[in-house]
Amino acid sequence: MRRRFSLLVSAAALLIACVTGATAQTPDRNLALLRAAGGADMYPNAQQLVIYDSTDVDVKETGLSYVRMHRFTKVLTAAGAKEMRGISFGYDPLSAAVDVLLVRVYRKDGRVETVPRERVIDYPAPARAIYWGAREKLVDVGRLEPGDAVETLVFRKGFTYALLAEGDDDSRFIPPMKGHFYDIVEFWSSLPMLEKVYRIAVPRDKPLQYEVYNGELGSAVHFPPEKNYRVKVDVNPAGAQAKTDEDALHPTAGLYTVPDKVVHTFWKKNITPFAEERNMVAASDVAPKLLLSTSPDWYAKSVWFNKVNEDFKSFEVTPEIQAVTDRLLKGVTDELKKISILNHWAAEEIRYSGISMGPGEGYTLHPGSMTLLDRCGVCKDKAGILVAMLRAAGFESYPAMTMAGSRIDRIPADQFNHSVAAVKRKNGAWMLLDPTWIPGVREMWSSAEQQQEFLLGIPGGADIMTTPVSPAENHYWKLNGSSRLDDEGTLEGEFTLEADGQSDANIRRAFTRSYQSSWKEYLPRVMYEVSPRAEILEQTMVDPGDLSQPMRLRVKYRIPGYAVVGTDKIRFVPLLARNPFTDGVMSAELALDTSIAVRKYGFRTRCSKLVEVSEKVTLPSGWTVAAPAAPAAVKSPAAAFEAAYTLAGKTLTVRATHRMEKRLYDAGDWPAFRAALTSRLSFMAQPVLLSR
């Protein structure tokens, strides 16, 4: 697979990967840097080395930005050479333009080769679920060898979201919140990097606030003379390309005066590859990054988000929307039931599929009438039609933005990738709804989104808020049963698995993501993993499509030869103690890596969860047992585990409780969380010994 250095068009924000250059280096200078950079022996486990990675941004009064990206990368290994044969830059033509100005290959023997412009190919970007016309420019670099290097010089203008109005001039590249600029700059890398520079020129009357997170950067602010300061770019304001490669690097190429600007520069040297930990929080939450914004605060963004959608009539209640709403709520008087019916209708009846629908991508939600007609859309379309239907039902409702997967920080650089809805209850409290994440889920708001920041788009504005922790009891996973062991080692019994919340949703997924014809095969497969001899005598379950009650599975089984039987000993692990459901859907927590003794970063699970196991085992006549010692109990605010064995006559009762109290954890929570999980794993493997 080739290495793809791409500027990703995402629903979250304008993420510039900072592949730009402050001043173009001459070939001789680059060759000197290449020779001094060192080889593979200096950078173990690295396929390439980034010698420099710099970005120049020129911000206009409208918020439009011209960005020049300059990167010089050395190939260290054969695998690295293979990855860099093709380099791509992604963009959305509705809101951004990308020009590959120059690509040069520096051979280890000192030769410098310019890649012809005809080897830059523009093509539709690969897509899945969202088809908004994104494109990529691929540079066919050609064959490389360890010791070679590649220089890229790229110009970009625009942003990542389409506007309401279309046009052929630069107006279509102005950000939706006209007059404002923001950026999110990652100062971490998967490759070793000798130097990274980010420089931005902003109008003096446009205050720029910024903050560095999770590390330190060098920084400087300059106030150049208004008449003399000039920034070198490789296209003029009209977007004309330099005529030749040499023109692109000429000292006077593309120069234009930048009056009345303040120049901020940020840099970091000797960046080592960021080492991620399994199940850690998002890298952007813990790795060095720079956030910049000219927007004063989140209130301003909230007010703008509200106005742009109300002006666009995104939530207009049409006769068709009113009719569907009235039909769904006929005879319903309970407030929560009304909200639930509309929320789950938007979840189940609007297919998640994003196609280009013309004006209104990005922050502007398509009219609910359009979504009702198309019966498909992305998160913002599902949220938009839900807001319209809630208004049709007499509720006060507005859209909200959130960031699924990572934290939203204080600086109002748009850190969003997801849209949801909010409705005001009779008691005045706002209630979040997410029709995108709740298909097949009994919840109104997916608790897989707990501890997640969001911004309401309401009149008067709002600040960033955080969704609360959902108690573990709301997501219980209970395994209860009884069994009988005979003196030949056959175990026969029954058990019931019941769950709610996100635990309930996980059970349903085991069925709803497969054909109904295969549903009866699920439990036999589970029991086969316990023992190939396992027999299902009877199985029943709640209809996975029935969200009116918690999900339940009931199984009667028989397993010949389950226990290991000797002359005077029998050895077995109680079936429910070992948990037949150890897959990543039912019991994802069991896959967490307990070999990690100390964590540097916070970690996450899918959701808070309560696991309860209870089994009564009737032992064979003539055999005795000393109840095994239970694993050490663990109690902490983050997680807890306790288990017990009790013996009454021939009945051995096994009980265990495992609590995981939240979704996102600090690194300091890991020792207690790990201890609780380790105790549970020990309990699952602990055998019971019988003797005559």
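Start by selecting helices α6 and α7, which sit oblique to each other because their angle falls outside the other classes (under 35 degrees is roughly parallel, over 145 roughly antiparallel, 65 to 115 roughly perpendicular, and the rest oblique). Their axes come within 10 Å and cross at roughly 125°. Axes here are lines fitted to C-alpha atoms, for helices over the stretch in contact, with angles running from 0 to 180 degrees between N-to-C directions. Helices (H or I, at least four residues) and strands (E, at least two) are DSSP runs, numbered from the N terminus.

A word on the model: it is predicted, with local features needing pLDDT of at least 70 and side-chain atom pairs counting only at pLDDT 80 or more, while totals for chains, interfaces and linings use all residues. Residues are numbered from 1 along each chain as its sequence is written, and side-chain values use heavy atoms, with hydrogens and water left out.

Back to the pair. Look down the crossing and you'll find α6 passing α7 in a right-handed way (the near helix is turned clockwise from the far one by less than a right angle; anticlockwise would be left-handed). Now show side chains: Val324, Thr325, Leu328 and Leu329 of α6 meet Lys338, Ile341, Leu342 and Trp345 of α7, where contact means heavy atoms within 4.5 Å. By class, that contact splits into six nonpolar, one polar and one charged. For these classes, Ala, Val, Leu, Ile, Met, Phe, Trp, Tyr, Cys and Pro count as nonpolar, Asp, Glu, Lys and Arg as charged, and the others, Gly among them, as polar.

**Add α9**

Keep α6 (residues 319-329) on screen and bring in α9: the two axes come within 9 Å and cross at roughly 70°. That makes α6 roughly perpendicular to α9, and the crossing is right-handed. Which residues make the contact? On the α6 side pick Ile321, Gln322, Val324, Thr325 and Leu328, and on the α9 side Ala388, Met389 and Ala392. This contact of α6 with α9 has six nonpolar and two polar residues, with no charged ones.

Next, swap α6 for α7 (residues 335-349) and look at how it packs against α9 (residues 379-392): the angle is about 150°, with the axes 9 Å apart. So α7 is roughly antiparallel to α9. Here too α7 passes α9 in a right-handed crossing. Select Ile339, Leu342, Asn343, Trp345, Ala346 and Ala347 in α7, and you'll see them meet Lys382, Ile385, Leu386, Met389 and Leu390 in α9. Nine nonpolar residues, one polar and one charged make up the contact of α7 with α9.

**On to the sheet**

Now colour the five strands of the open sheet, which run in the order β23-β22-β21-β24-β25 with antiparallel pairing. Two strands pair if DSSP finds at least two bridges between them. Which strands stand at the edges? They are β23 (430-433) and β25 (465-466), each with a single partner strand, so one side of each has no neighbour in the sheet.

Zoom in on β21 (residues 397-402) and β24 (residues 453-456), which run antiparallel and are joined by three bridges. Thr402 is a handy marker, standing opposite Phe454 in β24. Then turn on helix α5 (residues 298-311), which lies across β21 and β24 and runs at about 130° to β21. You'll meet α9 again here: it packs on the sheet, touching β21, β22 (418-424) and β23, and its direction makes about 15° with that of β22.

**Single residues to finish**

Go to Asn279, in the loop between β16 (261-271) and α4 (283-286). Its phi is near 65°, a positive value in a residue other than glycine. Asn279 counts as partly exposed at 32% relative accessibility (buried is under 20%, exposed over 50%, partly exposed in between, with a 1.4 Å probe and protein chains only).

Jump to Asn579, in the loop between α12 (575-578) and β32 (603-604). Asn579 is not a glycine either, yet it has a positive phi of about 65°. Is Asn579 buried or exposed? At 5% relative accessibility, Asn579 counts as buried.

Back in strand β16, select Lys269, which is exposed with a relative accessible area of 53%. Leaving out residues up to four places away in sequence, Lys269 touches Met193, Leu194 and Glu195. Draw a distance from its C-alpha to that of Tyr52: the two are 217 residues apart along the chain and separated by 9.1 Å.

Last stop: Asp669, in the loop between β38 (664-665) and α13 (670-685). Asp669 counts as buried at 18% relative accessibility. With residues up to four places away in sequence not counted, Asp669 touches Phe603, Ala638 and Lys662.
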